[in-house]
Amino acid sequence: MLTYGTLEGVQVYGKLDSTPLYDSPTTPRDILTKDALKFVALLHRTFNGTRTKLLANRQEVQAKLDRGESLTFLPETAYIRNDKNWRCKAPAPGMVDRRVEITGPPERKMIVNALNTDVLTYMTDFEDSCSPTWENVIYGQVNLYDALRDQIDFTLAATGKSYKVNRSEGRHIPTIIVRPRGWHMVDRHVLVDGEAVSASLLDFGLYFFHNAKFLVSQGLGPYFYLPKMEHWLEARLWNDVFNVAQDCIGIPRGTISATVLIETLPISYQLNETLYALRDHSAGLNCGRWDYMFSTIKRLRNHKEHILPNRDQVTMTVPFMRNYVRQLIEVCHARGVHAMGGMAATIPIKNDPERNAVAMASVRADKLREATAGHDGTWIAHPALAPIALDVFNVEMPTPNQIYKIPVHAEEVSESDLVDTHIEGGKITSKGIDANIYIGLNYMEAWLRGFGCVPINNLMEDAATAEVSRLQLYSWVKHAVVLEDSGKTVTAKLVCDEIDAQVAKLGEGKSGNKYAIAAECLKKEISGEVEVAEFLTTLLYDDIVTLGSEVDLATLK
């Protein structure tokens, strides 16, 4: 393998064990090798300047929105939208049929469980469902390295329980797709020329360096999900990264396939452009519904006319969400790629058959909506939902995908349709306040302890769903919303008092909990003491950083 770059100016402060966890033959020192670190440093030095400029551009967009300007389809890229002839590349091996994808963090037990689920693809996640502690990040890479090489089986020492991938003859093992952290994140455990490395490039670089050629030898390729982008130029940056990465290790350009999560409001105005930027590497777009809701609240937070009601009332059938889905499917199919549906966050309700039946019926109805709308696949967070999702898509989509169906509507989705946030009968109530605080506190507290995927109220919550709770509380206070049920005005004091009350209850008898830290972060934003953070993960990141002694790079393999 060709190698480029240098270790000069690179520093590592993350612990690198040389003894394996579980029964793994692989250790962190097998992942963070000299050549792999050189590769990551090369990517960071080449692309970090562009990354930081594009992040600054996000704030310029926010400033325009705050001044009352509107998001628009970009006039300078009309030539891309108006050219009906270009197409993205054909679906890659193992990515033709994606009717049900399961998702979860790269934790070893969860990987085995995901690979044992009867789905077609598995999105393993360093982003929203993974708290990026150093241990989670580096062992996530270890686990994926082992999973691809069929050496992921292990026995949990604490219980003696064994976890093994079902390799029955003829059984399909789900194709692995990796979601690195978003462009907004850094990882302070690795420094390049004195600055924290881009977390996106660290996650992508380590996985790609060690596994790309192996995957090609298996008839597949390195496949990715790309999160949190807000402008098509951020997708073009990923395309540049892909080209350089493929050139560096000597595999053909276009070997990589990547699906973009359309989970921010600004990029929903640039779908054609996003696919165009990645057209030689594109595997389509995905409706990241929870983050999209969060982004809509965040970007329009200074406009009272766009306040959203209790989050359980913001369904996929309300105008702005429905229009976002419709546009995404039309654009993807016109350009020859998958239009993936969103997450079913519901998890089975044990010991309550009646409530569980209602919950599962809701999941079925949601998957039926997606399949009949034209989606080519959907997401689930729990293996028990696979039969439901498969049943629906197998009936409604007997072909491997339905890319060939290009919906035709009387009118195209307009710029204003994407911000049509009026919800008939929508209400903001005390129950909505309590629910948002409860979800926000519980998720943030778990994240601070290293858990990014948390069951709360029979839903599998990740950073995206918690973000909705955080920003709703902020916007309701900012605009002094009057509660429908009590007539009270939502003030910082009202919310902060309720936060304190819930912390006292939640933390009772739980030593070592992190509720106080979570509460302090929420209260500072809600009271206006600090500017609202762009992301919960950046808000809390410093509290999970565990810098150790500097690693002697000469000792690396």
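Is Lys-228 buried or exposed in this structure? Lys-228 is buried, with a relative accessible area of 2%. In this report, buried stands for under 20% relative accessible area, exposed for over 50%, and partly exposed for values in between, computed with a 1.4 Å probe on protein chains only.

The model is a predicted one, in which local features need pLDDT of at least 70, side-chain atom pairs count only at pLDDT 80 or more, and totals for chains, interfaces and linings use all residues. Residues are numbered from 1 along each chain as its sequence is written, and side-chain values use heavy atoms, with hydrogens and water left out.

## Salt bridges

Side chains of opposite charge can pair when their charged atoms come close. A salt bridge is counted when a side-chain nitrogen of Lys or Arg lies within 4 Å of a carboxyl oxygen of Asp or Glu. By this rule, the whole structure holds 41 salt bridges. Three of the pairs are set out below.

| Pair | Closest N to O distance |
|---|---|
| Asp-128 and Lys-228 | 2.9 Å |
| Arg-167 and Asp-150 | 2.3 Å |
| Asp-247 and Arg-253 | 2.6 Å |

Lys-228 has Asp-128 as a salt-bridge partner. This pair links distant parts of the chain, 100 residues apart: Asp-128 is in the loop between strand 3 (121–125) and helix 5 (134–148), and Lys-228 is in the loop between strand 9 (223–226) and helix 7 (232–249). Helices (H or I, at least four residues) and strands (E, at least two) are DSSP runs, numbered from the N terminus. Asp-128 has a relative accessibility of 3% and therefore counts as buried.

The salt bridge of Arg-167 with Asp-150 ties together parts that are 17 residues apart in sequence, because Arg-167 lies in the loop between strand 5 (161–163) and strand 6 (175–179) and Asp-150 in the loop between helix 5 and strand 4 (154–156). Arg-167, at 37% relative accessibility, counts as partly exposed; Asp-150, at 47%, also counts as partly exposed.

In the pair of Asp-247 and Arg-253, Asp-247 is partly exposed at 36% relative accessibility, whereas Arg-253 is exposed at 53%. Salt bridges also form a network, which links Arg-58, Glu-230, Glu-234, Lys-298, Arg-299 and Glu-534.

## Annotated positions

An unreviewed UniProt entry lists Arg-179 and Asp-462 under "active site". UniProt positions are given in the numbering used here, feature names are shortened, and annotations may be inferred rather than shown by experiment. The two residues are spread over 284 residues of sequence, yet they cluster in space, with a largest C-alpha distance of 14.0 Å.

Arg-179 is part of strand 6 and counts as buried, at 3% relative accessibility. Contact means heavy atoms within 4.5 Å. When residues up to four places away in sequence are not counted, Arg-179 touches several residues, including Met-123, Asp-125, Asp-128, Tyr-225, Glu-263 and Trp-379. The side chains of Arg-179 and Asp-125 are joined by a polar contact of 2.7 Å. A polar contact is a pair of N or O atoms within 3.5 Å; within protein, one must be able to donate a hydrogen and the other to accept it, and residues adjacent in sequence count only if both atoms are side-chain atoms.

Asp-462 occupies the loop between strand 15 (459–461) and helix 14 (463–478). With a relative accessible area of 15%, Asp-462 is buried. Asp-462 touches Asp-128, Ser-129, Tyr-443 and Gly-452, again leaving out residues up to four places away in sequence. Asp-128 is thus a contact of Asp-462, as well as the salt-bridge partner of Lys-228. The side chain of Asp-462 reaches the backbone nitrogen of Ala-464 at 3.0 Å.

## Domains

The chain is divided into domain 1 (10–416) and domain 2 (430–543), with bounds that come from an automatic or database domain assignment. Their centres, taken over C-alpha atoms, are separated by 26 Å, and the contact takes 40 residues from domain 1 and 38 residues from domain 2.

Arg-311 is found in the loop between helix 9 (289–299) and helix 10 (319–334). At 11% relative accessibility, Arg-311 counts as buried. Beyond its neighbours within four places in sequence, Arg-311 is in contact with several residues, among them Asn-436, Leu-459, Glu-461 and Gln-472.
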